[in-house]
Amino acid sequence: MKRLVQLSLVSAVAMSMVVGCSKTDQPSPQGTAPAPAAPKDTKAVEQPQQKVKLTMGSWRTEDKEAYEKIIKEYQKKNPNVEIEFKPTKNTEYNTVLNTALQTGGGPDIIHLRPYAAGIALADAGYLEPLDSIKGLEVLSKETLSAATGKDGKVYGVPTVFSSTQIFYNKKLFKKFNIQEPKTWDELTKAADTLKQNKIAPFAFGSKEGWIISLTHGALGPASYGGSDFVKKITAGQTNFKSKEFVESLKVMQGLAKYFPDNYVGLSMDDMRNLFVTEQAGMMVMGDWEIAVMKKMNPDLDMDLFPIPGAAADKASVTTWVDGSFSVNSKSANKKEALKFVEYMTTKEFGTLVANELKKPSTIPGIESNDAMVTKIAKLANSISTPYMFVVHFSAGNPTTKVTLETAMQGMYLGKQTPEQVAEEVQKSADTWFKPVAK
């Protein structure tokens with residue numbers, strides 16, 4: 001799979017709740033022969049080996065069932081290790097995790113937000129280096145960069161790639177005689193047709209900032225030029241006040257007429273419900289939603305297509321490493337935790353992830369039993385562009401990614417123009433970002 005461009009400082013910070021588990025007692029050694037005079041009640045007795053309990057933190061509450069299946073497979077060969085996948089609500093995860101780590105707690109196995117977020121935890125000393133575990137060599141340096149500290153050591157095992165594309169309802173498209181759009185004009189015509197038939201063209205909500213930046217990250221490249229623009233801006237050859245980037249914001253603003261009523265108050269749950277109940281014909285979203293939506297409505301006839309460009313040969317999908325798993329440096333069961341993250345580099349784990357999470361594995365050569373996941377992998381291999389605000393611009397305080405989200409929320413409330421949004425984003429980047437010489 002064509003991997004994400006180079007790492008620049010990036011952001012977010014991530015991980016979960018709960019305090020790591022206590023150390024288990026080792027079984028007492030049994031003597032080879034009791035001493036003749038030893039009292040009967042002091043005869044050495046072998047104690048049964050106790051289970052080691054590990055906690056596994058994440059922001060992916062929707063992955064709980066899938067990871068429980070994966071863990072069960074691992075425990076078949078490791079019966080004395082009990083692992084609890086204990087996720088926290090995604091909007092609360094960073095705070096809960098950071099508070100726990102700062103007080104010497106936190107889960108044994110930590111799900112790291114990608115790039116700057118996870119790297120910040122590594123640089124702060126909260127994570128155990130993983131360079132000694134087997135299997136890291138199967139992952140590319142570019143993939144591992146999502147969890148590589150400033151010291152050059154690897155602190156997390158990247159497990160899946162993420163990709164954004166447009167999901168659509170095949171039944172509604174067929175009903176209204178809409179073909180998969182190949183160009184941007186065809187996309188807007190499809191949206192017009194859905195709207196005329198009282199169907200929300202796009203399931204979208206601007207209540208949660210991450211949805212805005214993710215939607216812009218998917219649709220924006222069609223306006224600002226995709227990977228070519230990313231290369232220029234990371235090299236300091238252009239900036240966010242450029243006409244190309246401002247145009248991407250104007251396009252986002254113009255799409256509001258295709259959003260549901262009262263979209264400024266809609267959350268991810270609302271968006272998902274609109275799509276799975278067939279009240280919306282399309283949704284710009286990440287591949288992780290496939291498993292969730294199929295579970296909510298097994299009869300939903302859905303498919304996906306890449307983001308159309310001005311011409312049929314300019315389509316794209318946005319990709320990035322979506323999280324890595326690390327080991328808490330304060331874990332009382334570090335040996336067992338390291339063994340489990342080592343398992344995450346195996347083809348067995350990669351296949352389970354692809355089939356249970358319905359996402360492309362980071363491990364080369366892994367195939368999924370889901371046709372849409374296979375389709376996503378092929379698109380990402382051929383027409384991917386990086387999620388710029390995750391891979392390169394999620395550092396700063398507040399981060400440049402968050403600045404974009406907040407400013408665009410203001411734009412949708414009619415309080416800011418696209419030009420003013422671009423101005424704020426550039427001001428944020430100027431506080432920390434240093435162009436990388438090409």
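Helix α11, residues 268–276, has M268, M271, R272, L274, F275 and V276 as buried residues. In this predicted model, those buried residues pack against two helices, α7 (209–219) and α12 (289–296), and against three strands, β5 (161–169), β7 (280–286) and β8 (302–305). After α11 comes E278, which has a positive phi near 65°.

On the other side of the helix in sequence is S267, part of the loop between α10 (243–254) and α11. S267 has a relative accessibility of 12% and therefore counts as buried, the cut-off being under 20%. Its contacts, leaving aside neighbours within four places in sequence, are with K207, E208 and I211.

The wider setting is a chain of 438 residues, 55% of which count as buried. The chain holds 18 helices and 11 strands. If one takes the contacts between residues at least 6 apart in sequence, 79% of them join residues at least 24 apart. The accessible surface amounts to about 19600 Å², and carbon and sulfur atoms account for 50% of that area.

Among the strands, five form an open sheet with mixed pairing, in the order β2-β1-β3-β10-β4. Its edges are β2 and β4 (157–158), each of which pairs on one side only. The sheet can be followed from the β2 edge across to β4.

Strand β2 covers residues 81–87 and pairs with β1 in the parallel sense, over seven bridges. Within this pairing, M56 is placed opposite F85 of β2. The two strands also belong to a β-α-β unit: β1, helix α1 (residues 64–77) and β2 together make a right-handed one. Strand β1 itself runs over residues 52–58, and six of its seven residues are buried, so the strand is largely enclosed by the rest of the structure.

Next to β1 in the sheet order is β3. This strand, residues 109–112, pairs with β1 in the parallel sense over two bridges. One position in that pairing is G57, whose bridge partner in β3 is I110.

The sense then changes to antiparallel for the pairing of β3 with β10 (residues 324–327), which extends over four bridges. Here L112 has S324 of β10 as its bridge partner. Strand β10 is covered on both faces: S324 and S326 lie on one side, F325 and V327 lie on the other, and all of them are buried.

The last pairing, between β10 and the edge strand β4, is antiparallel as well and has two bridges. In this pairing V157 is found opposite F325 of β10.

There remains the matter of internal space. How many cavities of 30 Å³ or more does a search of the whole structure find? The search returns two. The largest cavity has a volume of about 60 Å³. Its lining is made up of R60, D63, Y67, H111, T159, V160, D322, L357 and K359. Some of these residues can be placed relative to the elements already described. Y67 falls within the residue range of α1, 64–77, and H111 within that of β3, 109–112.

Terms used. Residues numbered from 1 in each chain as written. Predicted model: local features only at pLDDT ≥ 70, side-chain atom pairs only at ≥ 80, totals over all residues. Heavy atoms only, no water. Buried < 20%, exposed > 50% of the residue type's maximum accessible area, 1.4 Å probe, protein only. Pairing = 2+ DSSP bridges. Right-handed = clockwise from strand over helix to strand, strands pointing away. Contact = heavy atoms within 4.5 Å. Areas by Shrake-Rupley, 256 points an atom, 1.4 Å probe, with all protein chains shown as cover. 1 Å grid on protein atoms, 1.4 Å probe; cavity = no way out; pocket = protein on both sides within 12 Å on 5 of 7 lines; lining within 4 Å. Points joined across faces, edges and corners; volume = space filled by probe spheres on them.
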